[in-house]
Amino acid sequence: MIDLRILREDPERVRASQRARGEDPSAVDAVLAADETRRAAVARFESLRAEQKALGRRIPAAPQEEKADLLARAKELAALVKEAEEAVRSADTALREAALVLSNLVDEAAPRGGEDDFVVLETVGRPPEFDFPPRDHLELGNLLAAIDTERAAKVSGSRFYYLTGVGARLQLALVALAVAQATEAGFIPVIPPVLVRPPAMEGTGFLGQAAENVFHLEKDDFYLVGTSEVSLAAYHMDEILDVASLPRRYLGISTCFRREAGSHGKDTRGIIRVHQFDKVEMFSFTTPEESAAEHRRLLEWEKQFLVALEIPFRVIDVASGDLGASAARKFDCEAWIPTQGRYREVTSTSNCTEFQARRLNIRLRDDGGVRPLATLNGTLVAIPRTIVALLENHQRPDGSVYVPPALRDYLGTDILRPGHV
RNA sequence: GGAGGCGUCGCCUAGUGGCCGAUGGCGCCGGUCUUGAAAACCGGUAGGGCGCGAGCCCUCGUGGGUUCAAAUCCCACCGCCUCCGCCA
């Protein structure tokens with residue numbers, strides 16, 4: 001949720017942000033109108049209520065002959081108050097609903113434009129040059145008996161996979177490496193719930209444009225999280241955190257579920273786009289003033305991890321039209337995928353400023369009082385895509401795969417060989 | 001699944017219809033005292049909304065109801081605890 005004060009004082013700024021995202025700027029006027037209606041309703045209710053309370057206080061002490069008259073008037077007032085209260089409630093709801101439609105204000109520094117208008121910030125490492133036809137990750141995964149999508153299709157349908165043998169161990173190794181790195185940096189590892197109730201999902205901003213990609217358990221009204229960002233953001237819901245305790249950094253380790261609606265036919269082969277995968281996610285609660293610097297730190301930690309895995313990648317500054325509803329700014333790390341001849345997103349970090357905190361009612365307390373804090377998230381490792389990048393970039397002509405030193409202790413080998421698990 | 005109990009301001013706690021937004025203690029903050037500290041004493045210490053302002057309004061798990069008036073009575077829901085059953 002954006003700051004209603006900004007909306008009232010500078011609605012054009014909000015409209016401009018909506019336009020930059022390719023979203024509807026007129027939603028701003030709907031919120032303004034709802035805000036106006038609500039304030040009028042509140043004023044009416046409060047004056048009636050004050051009158052009712054004043055009158056009520058006089059009743060016990062009133063002389064007998066006046067009592068009946070006072071009671072009659074009080075009764076009338078009670079009806080009016082009730083009606084006015086009803087009006088406030090519905091105006092509140094209307095305002096909240098209208099305000100929830102608005103996405104976060106885009107950071108001034110974010111590039112403008114759509115999906116293709118990103119800015120490349122840097123390129124790290126060099127794509128490998130093979131003197132043999134490289135195999136794609138699925139072929140390698142099959143050779144290594146590490147990935148089985150055929151049986152997964154039999155059991156669960158398309159966009160599922162089994163990680164077996166060295167594949168499963170690869171996941172464990174990646175998670176262990178991620179936890180080691182992040183713990184070093186002060187993150188608290190967290191294994192969160194992956195089924196959440198509506199306020200958590202809505203508060204994190206995933207029930208707007210992203211709603212179609214969220215699994216919902218109708219019967220129990222649970223949502224399956226698409227990222228532990230949801231459970232971690234909502235962890236401090238309705239709390240006030242002392243500014244001295246910030247930043248608070250959590251490392252979510254969880255399974256993620258995505259419907260992938262609207263991406264039929266895209267990435268149908270292999271494990272690049274799947275309904276269920278595991279991910280290690282960094283999440284920070286910090287002050288709004290610190291959020292931009294924290295965002296850079298999250299990006300550095302993401303880079304550090306990819307560098308350790310010796311995966312060539314580039315960093316892009318995502319354009320305004322391609323930001324999630326909650327993000328003011330977003331950096332993606334895109335790994336080189338040899339068989340596709342291009343870079344593909346493997347990690348992503350967003351600065352959500354106070355947007356999620358307002359929706360989730362998470363605030364900080366400092367000398368200036370109580371105010372919303374900032375939340376940020378960043379992927380440390382999304383398992384399937386990282387495995388894809390790892391296998392494809394480090395493959396050798398015989399189908400074996402080089403293991404970078406950082407992973408060796410966790411994996412117990414410096415090379416993955418077909419037929420050897 | 002059955003039976004019962006509980007849910008008050010960071011923590012503990014008082015409060016069974018009327019100046020109760022709410023008692024007291026702990027904790028915390030400020031002050032006095034002290035060379036400094038402790039102790040003692042004094043004061044402060046929830047959040048939100050409306051209004052230029054004095055100020056007013058809302059919130060005692062949540063939502064409804066009864067009443068002129070509800071933290072206090074009734075109902076539902078949520079959460080926690082105990083016992084029984086069930087499953088592991």
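The following paragraphs look at the overall make-up of chain A, its surface near RNA strand B, and its second largest pocket.

The model described here is predicted. Its protein, chain A, has 421 residues, of which 50% are buried. The secondary structure of this chain comes to 13 helices and 18 strands, and along its principal axes the C-alpha trace spans about 105 × 45 × 40 Å.

A good place to start is the RNA. In total, 23 residues of the protein surround RNA strand B. Glu-46, Arg-49, Lys-53, Arg-363 and Arg-365 are the closest of these. Sorted by class, the surface near the strand holds 11 charged, 10 nonpolar and 2 polar residues. On the RNA side, sugar or phosphate accounts for 79% of the strand's atoms within 4 Å of the protein, while bases supply the rest.

Several side chains can be followed to the phosphates themselves. Arg-49 places a polar side-chain atom 2.2 Å from a phosphate oxygen of RNA strand B. For Arg-365, the distance from an N or O atom of the side chain to a phosphate oxygen is 2.8 Å, and for Lys-82 the corresponding value is 3.5 Å. Seen by element, two or more residues of the surface near the strand come from each of α3 (27–58), α4 (64–101) and β14 (363–366). Helix α3 provides the largest share, with 10 residues.

Attention now turns to the second largest pocket. This pocket has a volume of about 320 Å³ and a lining of 17 residues. Nearest its centre lie Arg-13, Asn-104, Leu-105, Val-106 and Asp-107. The elements giving two or more residues to this lining are α2 (11–21) and α11 (355–360). Of the elements, α2 gives the most, contributing 3 residues.

The chemistry of the pocket lining is readily summarised: 7 of its residues are nonpolar, 7 are charged and 3 are polar. The lining also brings together two parts of the chain, as at least three of its residues are drawn from domain 1 (4–101) and at least three from domain 2 (115–416).

Taken together, the two sites can be read side by side in the structure. At the RNA, α3 gives the largest share of the nearby surface, and Arg-49 and Arg-365 are among the closest residues. At the second largest pocket, α2 gives the most to the lining, with Arg-13 among the residues that lie nearest the centre.

Conventions. Residues are numbered from 1 along each chain as its sequence is written. Chains are lettered from A and ligands numbered from 1 in the order in which they are written. This is a predicted model: local features need pLDDT of at least 70, side-chain atom pairs count only at pLDDT 80 or more; totals for chains, interfaces and linings use all residues. Side-chain values use heavy atoms; hydrogens and water are left out. On a 1 Å grid over the protein atoms alone, a cavity is a set of points where a 1.4 Å probe fits but cannot get out, and a pocket is an open set with protein on both sides within 12 Å along at least five of seven lines; lining residues have an atom within 4 Å of a point. Grid points are joined across faces, edges and corners, and a volume is the space filled by probe spheres set on the points. Helices (H or I, at least four residues) and strands (E, at least two) are DSSP runs, numbered from the N terminus. Ala, Val, Leu, Ile, Met, Phe, Trp, Tyr, Cys and Pro count as nonpolar, Asp, Glu, Lys and Arg as charged, and the others, Gly among them, as polar. Domain bounds come from an automatic or database domain assignment. A residue is near a molecule or strand if one of its heavy atoms lies within 4 Å of it. A polar contact is a pair of N or O atoms within 3.5 Å; within protein, one must be able to donate a hydrogen and the other to accept it, and residues adjacent in sequence count only if both atoms are side-chain atoms. Buried means under 20% relative accessible area, exposed over 50%, partly exposed in between (1.4 Å probe, protein chains only).
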